[in-house]
Amino acid sequence: MNMAIEILIKNKIRELRFFAGEMTQKELAQKAGVSRQTIIAIEGGNYNPSLELAFKIADVFDVSIIEVFTYERTETEKRNTKA
């Protein structure tokens with residue numbers, strides 16, 4: 001068996017929007033210069049933003065990028081399918 005490294009990027013966008021006066025996804029999208037669908041995908045963990053966009057989102061909330069995005073690195077076993 002081989003070990004595979006997986007990286008899971010998590011974010012606190014929903015929490016930050018809440019503490020920013022219940023900022024809507026649309027408002028965040030406008031301030032960051034992207035579509036609401038992009039914010040939905042990032043917030044839901046279905047899309048990882050570019051580094052530039054990650055910094056823009058952090059800037060909207062006036063926090064550092066590490067206060068918005070974190071990552072977990074895990075090793076998982078992966079079966080070798082070759083006989």
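This briefing describes a pocket, an aromatic pair, two helices and some backbone angles in one predicted model.

The model is predicted, so local features need pLDDT of at least 70 and side-chain atom pairs count only at pLDDT 80 or more, while totals for chains, interfaces and linings use all residues. Residues are numbered from 1 along each chain as its sequence is written, and side-chain values use heavy atoms, with hydrogens and water left out. Helices (H or I, at least four residues) and strands (E, at least two) are DSSP runs, numbered from the N terminus.

**The largest pocket**

- The largest pocket, a pocket being an open set of points on a 1 Å grid over the protein atoms alone where a 1.4 Å probe fits, with protein on both sides within 12 Å along at least five of seven lines, has a volume of about 190 Å³, taken as the space filled by probe spheres set on the points.
- Its lining, made of residues with an atom within 4 Å of a point, consists of Ile9, Asn48, Pro49, Ser50, Leu51, Ala54, Ile65, Ile66, Phe69, Thr70 and Tyr71.
- Helix H4 (51-61) and strand S2 (69-78) each supply at least two residues of this lining, and S2 gives the most, with three.
- By class, the lining of the largest pocket has eight nonpolar, three polar and no charged residues, where Ala, Val, Leu, Ile, Met, Phe, Trp, Tyr, Cys and Pro count as nonpolar, Asp, Glu, Lys and Arg as charged, and the others, Gly among them, as polar.

**Helix H3 and Glu43**

- Glu43 lies in helix H3 (residues 36-43) and is buried, with a relative accessible area of 18%; buried means under 20% relative accessible area, exposed over 50%, and partly exposed in between, with a 1.4 Å probe and protein chains only.
- In H3, the buried residues include Ile39, Ala41 and Ile42 as well as Glu43.
- Leaving aside residues up to four places away in sequence, Glu43 touches Asn11, Ile13, Arg14, Arg17 and Gln25, contact meaning heavy atoms within 4.5 Å.
- The side chains of Glu43 and Gln25 are also joined by a polar contact of 3.4 Å, that is, a pair of N or O atoms within 3.5 Å of which, within protein, one must be able to donate a hydrogen and the other to accept it, and residues adjacent in sequence count only if both atoms are side-chain atoms.

**Helix H4 and Ala58**

- Ala58, a residue of helix H4, counts as buried because its relative accessibility is 2%.
- Not counting residues up to four places away in sequence, Ala58 touches Val63, Ser64, Ile65 and Val68.

**The aromatic pair**

- The structure holds one aromatic pair, formed by Phe18 and Phe19, which meet edge-to-face at 5.0 Å centre to centre with 85 degrees between the planes.
- Rings of Phe, Tyr and Trp (its six-membered ring) pair if their centres lie within 6.5 Å, and planes under 30 degrees apart count as stacked, over 60 as edge-to-face and the rest as tilted.
- Phe18 counts as partly exposed at 42% relative accessibility, whereas Phe19 counts as exposed at 64%.

**Positive phi angles**

- Most residues other than glycine have a negative phi.
- Glu22, in the loop between helix H1 (13-19) and helix H2 (25-32), has a positive phi of about 55 degrees although it is not a glycine.
- Asp62, in the loop between H4 and S2, has a positive phi near 60 degrees and is exposed, with a relative accessible area of 68%.
- Gly45, just after H3, takes a positive phi of about 80 degrees.
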